[in-house]
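I opened the model today to look up a few features, strand by strand and then chain by chain. My notes follow in the order in which I looked.

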Amino acid sequence: MLRYILRRLLIIVPTMFAIMSLSFLISRNTPGDLVDALASATDEERSSARSRDQAKKEYQRVKTELGLDGPVFYFSLTSLAQPDTLHRILKRNERQALDQMIARYGNWPEISAYYHAVCAAEEAAFALKTPPDLLNETNNVRLYFNTLRYVATEREIEFNLAAIDSVTALHPAEMAPLTVELNNIRAKRRAMVEDATPWKTYVPALHWYGFNNQFHRWMWNFLTLDWGKSFQDRRPVRTKIAEALPWSIFMGFLSFVIAYLIAIPVGVYSVRKRGTWQDRAVTTVLFLAYSIPSFVMAMLVMTFFCNPEFFYLFPTSGVASDGAENWPFWERMLDYAHHLILPTLVFSYIGVAFLSRQMRVGMIDTVDMDYIRTARAKGLRERTVIWKHAMRNSILPIITHLANLLPRIVSGAVILEIIFAIPGVGRLAIQANFAYDQPVLIAILTLTAILTLLGILLSDILYAVADPRISFSKR
Amino acid sequence: MKKNLLLALFTAGLLLIFTGCGSEENGGGETTTTNDSTSSGEPVFGDWIRVHTPSDPDALHPYATTHGSANMIKELMFQYLYDFDIDTKQMTPVLAKDYAIVSEDGLAFTFEMRDEATWDDGSPITGYDYAFSVKCILNPISESPHLRGYYSFITEVQVDPNNERRFTVLTEEPFFLSEFAVAGFEIISKEFYDPDGRLDNITIAQLRDDSLIADNPYLTAFNKAFHDEKFKRDPEGIYGSGPYRFVNWTTGDNITLERKKEWWGYKVPKKGWPFEAYADKVIFKSIPDRSTALRAAQAGEIDVIRDVPGDEFTKYIEEKDHPINQDFALHRPQSYTYVYLGLNACPPPGRTPVLADKKVRRALAHLTNVNQIIETVYNGYGQPIVGPISPLNVNEYNDNLKPVPFDIDKAKSLLDEAGWTDSDADGVRDKVIGGKKVPLEIEFMISSSSQTAPSMAAILTNEAKKAGVRINVVKKEFSKLTEQLKSHNFDMFGAAFNGSPLPKDLKQVWHTDSWVNRGSNYTCFGNAHTDSLIMQIRVTLNPDDRKPLYHEIQEIIQDEQPMIFLMAPEERMIIHKRFANVNTSSIRPGFKVQQFWTPAEKRKFDAN
């Protein structure tokens, strides 16, 4: 048994690593440029050269702060055409454009030369002094040069170059410096297209970056319980989760206990009354309950039990009454409980329906077995037969569902926490989601994954306890 | 010079309405009063006020907060030199004794603090506190660098050596909103926030220039201490001169403030909202779901709710015996916000050759059934508008302009004039541009999480079809959408912009500077002339001289039609009837809870 548990724990390690790296890579590939969104909130005026510099600095600062610096993973499995220095390009959209070009032309030195020509031209365009009546044209040209930095398709590049051409052609004298830059870009682009080495993109290549990469830093921090800071309020993610956890644990654990306490007797009852109207009634009610979504149920109970028009038995929302922070400890605990009962009940009812059906199915299979008939023939009381002999075998399927307990406690009941205004982990996750708050999201995701694995292990162990025939150590 | 945009306090923020993420800017707004106070008489202390907020603020730090919901709470604890008067919509002195004495060149402003104004320990609020506050804002390594941009035009604060309550603020360049800007941020206590005097030897001039202040150990030490968790969420660390004291924060549930029994405001002989505060407690309850909040109101757990959903609000108006109406008064002040559809008017060769033509843009405006959009999408809570300046800004608004009428025939003839005809009779107009036949297709970009956008798009698409214009609705993820706006890679999008009773600074959205470099001028509006108008407005200090400039630029904006202006929305809030002295306005948050008081017989909560 112990050996089995140890072995399972060992398997959990690589599984965990896989899950963490996967969720990390997904989070790094979300659309849009997060850095840009966060950095641009702080820089406003950016047309002068100085503030362009500042904007760049700000971008770099935010990027470092978010841990988006450097290579993403330990290694990259790409093609021969891919340089191992692409991660040094500051902006994400420019990196993506270069990626596309590499895939098409496969000649990094030429692509790099082209990119640098574009950057130089953009600088020149912004440095260009033109008379005020050419303001619109100049601005337009600047915009096109800027766009060139992050477009990759032939069509788009051609379009922007032509656009710049059409302006410079009208004002050759004022735009002379740009014509030079434009020719340079064209030359570099020709080299890039003509000396293309697309075969390189078919030769796989492995770049090893070492341990100084984003994932390694993140994972190390995560394991040492440094989960970073929330983008929303700069508070440590760990504190935020720790604040939200008690509510979710209370609701999750209690609703689980309630679900089992109700579901098992109900399941057994309907087996004992198999085929009678009582069984059919129970089945119908449970089916109805199972098919009502929890948010509808939440609305229903709120309308009937939190409403002066009907019964005002429970507060509608939140976890504490007004002014409760000054109450004595036990009154405060009772107040919390008063607020949490209703959401907890709603949280558990779907579990009741589901588990009691499972229980019924398991039990029906068992009660037809020979040994049960033998037990009855021995003259044992029906109660002993069912609860002692049949129970142990028929409970196996619903033990599996215990595996859900742990992750459920952490991930919370998202919808219910929103509706009832419970500040639990589910609500934290949803709000983080809307605010693009990656550190919070990825921490919750990873925690849930870890607890799912532990939950599965736990249910395996309980299996062995419930059924001695399952012996892990021999396998 | 970075006297940017609008001033931080009354910031006009861009809200992409089609986002679905409810953003709450601290903006201004107008309109008064449905004073439902049924009882009159002398105000009395007591009772609690419970205000709904959809989410917790990020912090209650005087400066390092960005959430809109923080302002509503902070304004009960921190005070400004001036603040908006909810009745007159004017900036009125709060901590300042009177309006500033302005130097002739408009660069120097001399204020004097009220004699009564003190911190909680009885020490006076002085010019040194003001100078300290300016330093905190200009701190280049702070967690609120956006504020620095707004206030870096302050060059010096001189405190009168003979009277520490009197001080002069020097600014860099004349700017029409300077006085309100320098009077419009939270004044904090130097003694409390910097007891060791770490900023004493650092000057404002140093703080304004990054290179002079690099790695100053005093500044670094101060900065670290100033942004400590203590000053963000700890009752011991939130210290201001306002009437309320922060006592409790249960994360995700409530934030509780308690009235200071000995507050300086009570000593001011002249009455008025800045010197009043009656309720013993103000509790901000965080409930993410609005329908839950409304149920909580019905159950008597909440007293004030803002942004009530339009369909619910209509229900309350129509069903007189709705339970909400028993206890709550409905308020709907008109706001300074404008909602618009932005068009990509970038001059050729822009992304789209279609919308670069003024006639096509005008035709689209004629095809927009604004009234139907207001009725169906916004449940009727809005007024049509003509441009970015609200009609409530009477000094700036050009009332000669008329909204572009909904007129399909006019649109058709405009399109004909512009050369768009349906040559292949497929129902969509087309035109030969650069040797290629281009159909009249426009991409309407909406955020995938928006709730209002799809119905608005449906109305637009329908009407446009009748004139042979095809509008393709494209859903985009929010961050992708903003990215495309910044790089002018769009045809049409929808958004809203906040305003305030102050004259509007048009630079952020309408100047060509913010067109090229990924600023907020997404539509590529402007030329040298409009730029000079915008800049002229900023340096013209006399309102009467500004008027013709404002009028001209509004005419140009309407003529160019870079945006289809839809409407100015109305705020919708409900406030419990037991309170007296309830004035509402769309100056955010729309009410001043410190004014509210409850007659003794209606009181719901006894002291504590």
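Entry 1, a strand pair in chain B. I started with β7(B) and found that five bridges join it to strand β8 of chain B, residues 166-171, with the two strands running antiparallel. Within this pair I noted that B:Val157 stands opposite B:Val169 of β8(B). I keep in mind throughout that this is a predicted model.

Entry 2, the sheet around that pair. I then traced the open sheet of four strands in chain B, whose order is β5-β6-β8-β7 and whose pairing is antiparallel. The edge strands are β5 (101-102) and β7 (154-159) of chain B, since each of them pairs on one side only. As general background, I reminded myself that the strands of a sheet pair through backbone hydrogen bonds, either parallel or antiparallel. I also looked for what covers the sheet, and found helix α2 of chain B, residues 127-138, lying across β7 and β8 of chain B and running at about 160° to β7(B).

Entry 3, a hairpin in chain B. Further along the chain, strand β9 (residues 244-250) and strand β10 (residues 254-259) of chain B run antiparallel and are joined by six bridges. Here B:Trp249 stands opposite B:Ile255 in β10(B). The hairpin has three residues between its strands, and in it B:Gly252 takes a positive phi near 75°.

Entry 4, a helix in chain A. Turning to chain A, I recorded that it has 20 helices and two strands. I looked up helix α20(A), residues 438-466, whose 29 residues reach 41 Å from the first C-alpha to the last, close to the 42 Å expected at 1.5 Å a residue. Its buried residues include A:Val440, A:Leu441, A:Ile442, A:Leu451 and A:Leu453, and the buried residues of α20(A) pack against α1 (2-28), α10 (237-272), α17 (405-411) and α19 (425-434) of chain A.

Entry 5, the overall form of chain A. I compared the radius of gyration of chain A, 32 Å, with the value near 23 Å that a compact globule of 475 residues would have. The C-alpha atoms of chain A fill a box of roughly 110 × 60 × 40 Å along the principal axes. Of its 475 residues, 33% count as buried.

Entry 6, where the chains meet. How many residues does each chain bring to the contact? I found 52 residues from chain B and 50 residues from chain A. On the side of chain B that touches chain A, I noted 16 nonpolar, 21 polar and 15 charged residues.

Methods:
Residues numbered from 1 in each chain as written. Chains lettered and ligands numbered in written order. Predicted model: local features only at pLDDT ≥ 70, side-chain atom pairs only at ≥ 80, totals over all residues. Pairing = 2+ DSSP bridges. Contact = placed C-beta atoms within 7 Å. Axes fitted to C-alpha atoms, helices over the stretch in contact; angles between N-to-C directions. Expected span 1.5 Å × (residues − 1). Buried ≥ 20, exposed ≤ 12 C-beta atoms within 10 Å, placed from the backbone. Nonpolar A, V, L, I, M, F, W, Y, C, P; charged D, E, K, R; others polar. Rg over C-alpha atoms; globule rule 2.2 N^0.38 Å.
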